[in-house]
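Load the model in your viewer and keep the selection box handy. We will move from stop to stop, with something to select at each one.

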Amino acid sequence: MSVLEIRGLQVSVDTENGSVEILKGVDLTIKSGETHAIMGPNGSGKSTLAYSIAGHPKYTITGGSVTLDGADVLDMTVDERAKAGLFLAMQYPVEVPGVSVSNFLRTAATALRGEAPKLRTWVAEVKGAMEALNMDPAFATRNVNEGFSGGEKKRHEIMQLELLKPKMAILDETDSGLDVDALRIVSEGVNRAKANNDLGVLLITHYTRILKYIKPDFVHVFANGKIVEEGGPDLADKLEANGYADYVSK
């Protein structure tokens, strides 16, 4: 079993007006096979948490720790974090001109596995993943995310998740910009990855609609840079009914 443990995490970001503290002491433990949903208003620090764990250089860690199976994540480079088993599905996936989806995926798999996947097996894996996500096989020859719709970009993120088989997945508002059909397909992909690989999931979202497809074991309310309430799936229903107003001032 893998464990991602976050203790007292404090993070700041540089602005024109100086350094601003965003995360103010976050404590969270995620184990293999668990799904943790983090919900909260805009600007509360949810995405900062995701990118800080992944190693984005924009964010400065000023306190606390993040470990994966006891190893110090904050001491790792971004690629070392990926090799250790961390995966980030971005809210706004970037375009990579000149790099085809097929080359990108195989290069990533080679870096993580330490050797290139056998071509025949790999082609079958990619084809199966694309079929499961209702993706046109022609996407494999296109440049990464270039000209992709919002839904296509998110499906590509989940295809990476299924093929690269991380230990822990951080999904930053994967539901944003998806219509009902795309939301269902993407959610099914997350559920498959979790079932097949005993994946731990940190799911960041504003809305409960994705939680109808990806059932959380735990729900955490995020406000003002920290977790202010925790509970089970019923907490999400409470948030849907009442919003975040009660938490913003905490």
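This tour goes through strands, a ring pair, two pockets and two single residues. Please keep in mind that the model is predicted.

**Stop 1: the open sheet**

Start by selecting β1, residues 3–15, together with β2, residues 18–31. These two strands run antiparallel and are joined by eleven bridges. The link from β1 to β2 is a hairpin through two residues. To see the pairing beside that link, pick threonine 15 and look across to glycine 18 in β2, which stands opposite. Then pick leucine 4, whose bridge partner in β2 is isoleucine 30.

Now add β4 (59–68) and β5 (71–72) to the selection. What is the order of the four strands in this open sheet? Reading across, the order is β2-β1-β4-β5, and the pairing is antiparallel. β2 and β5 stand at the edges with a single partner strand each, so one side of each has no neighbour in the sheet.

**Stop 2: a covered strand**

Next, select β3, residues 35–39. Is this strand mostly covered or mostly open? It is mostly covered, with five of its five residues buried. Show the side chains: Thr35, Ala37 and Met39 point one way from β3, while His36 and Ile38 point the other way. This fits a general pattern, in which the side chains of a regular strand alternate between the two faces of the sheet.

Bring in the partners of β3 as well. Strand β10, residues 200–205, runs parallel to β3 and is joined to it by five bridges. Within that pairing, histidine 36 stands opposite leucine 202. Strand β11, residues 218–223, also pairs with β3 in the parallel sense, over four bridges. There, isoleucine 38 stands opposite histidine 220.

**Stop 3: two rings**

How many aromatic pairs does a search of the whole structure find? The search finds one. Select phenylalanine 139 and phenylalanine 148: their ring centres are 4.9 Å apart and their planes are at 85°, so the pair is edge-to-face. Phenylalanine 139 counts as buried, at 9% relative accessibility. Phenylalanine 148 is buried too, with a relative accessible area of 7%.

**Stop 4: the largest pocket**

Switch on a surface for this one. As a general point, rolling a probe the size of a water molecule over the atoms shows where empty space is left. The largest pocket holds about 860 Å³ of space. To centre your view on this pocket, select Val78, Ala82, Leu86, Phe87 and Leu88, which lie nearest its centre among the 34 lining residues. The elements that give two or more residues to this lining are α1 (46–54), α2 (78–84), β6 (86–89), α3 (101–113) and α5 (150–164). Colour the lining by class and you should find 22 nonpolar, five polar and seven charged residues.

**Stop 5: the second largest pocket**

The second largest pocket has a volume of about 240 Å³. Which of its 13 lining residues are the closest to its centre? Select Val123, Val126, Lys127, Met130 and Ala140 to see them. Helices α3 and α4 (119–132) each supply at least two residues of this lining. The largest share comes from α4, with seven residues. By class, the lining of the second largest pocket has nine nonpolar, one polar and three charged residues.

**Stop 6: two single residues**

Find lysine 58 in the loop between α1 and β4. Lysine 58 is partly exposed, with a relative accessible area of 48%. Leaving aside neighbours within four places in sequence, lysine 58 is in contact with Ser12 and Val13. For a distance check, draw a line from its C-alpha atom to that of threonine 48: the two residues are ten apart along the chain, and the line should read 9.5 Å.

Finish at alanine 108 in helix α3. Is alanine 108 buried or exposed? Its relative accessible area is 19%, and residues under 20% count as buried, so alanine 108 is buried. From here, a C-alpha to C-alpha line to glutamate 16, 92 residues away along the chain, spans 36 Å.

Methods. Residues numbered from 1 in each chain as written. Predicted model: local features only at pLDDT ≥ 70, side-chain atom pairs only at ≥ 80, totals over all residues. Heavy atoms only, no water. 1 Å grid on protein atoms, 1.4 Å probe; cavity = no way out; pocket = protein on both sides within 12 Å on 5 of 7 lines; lining within 4 Å. Points joined across faces, edges and corners; volume = space filled by probe spheres on them. Nonpolar A, V, L, I, M, F, W, Y, C, P; charged D, E, K, R; others polar. Buried < 20%, exposed > 50% of the residue type's maximum accessible area, 1.4 Å probe, protein only. Contact = heavy atoms within 4.5 Å. Phe/Tyr/Trp six-rings, centres within 6.5 Å; stacked < 30°, edge-to-face > 60°. Pairing = 2+ DSSP bridges.
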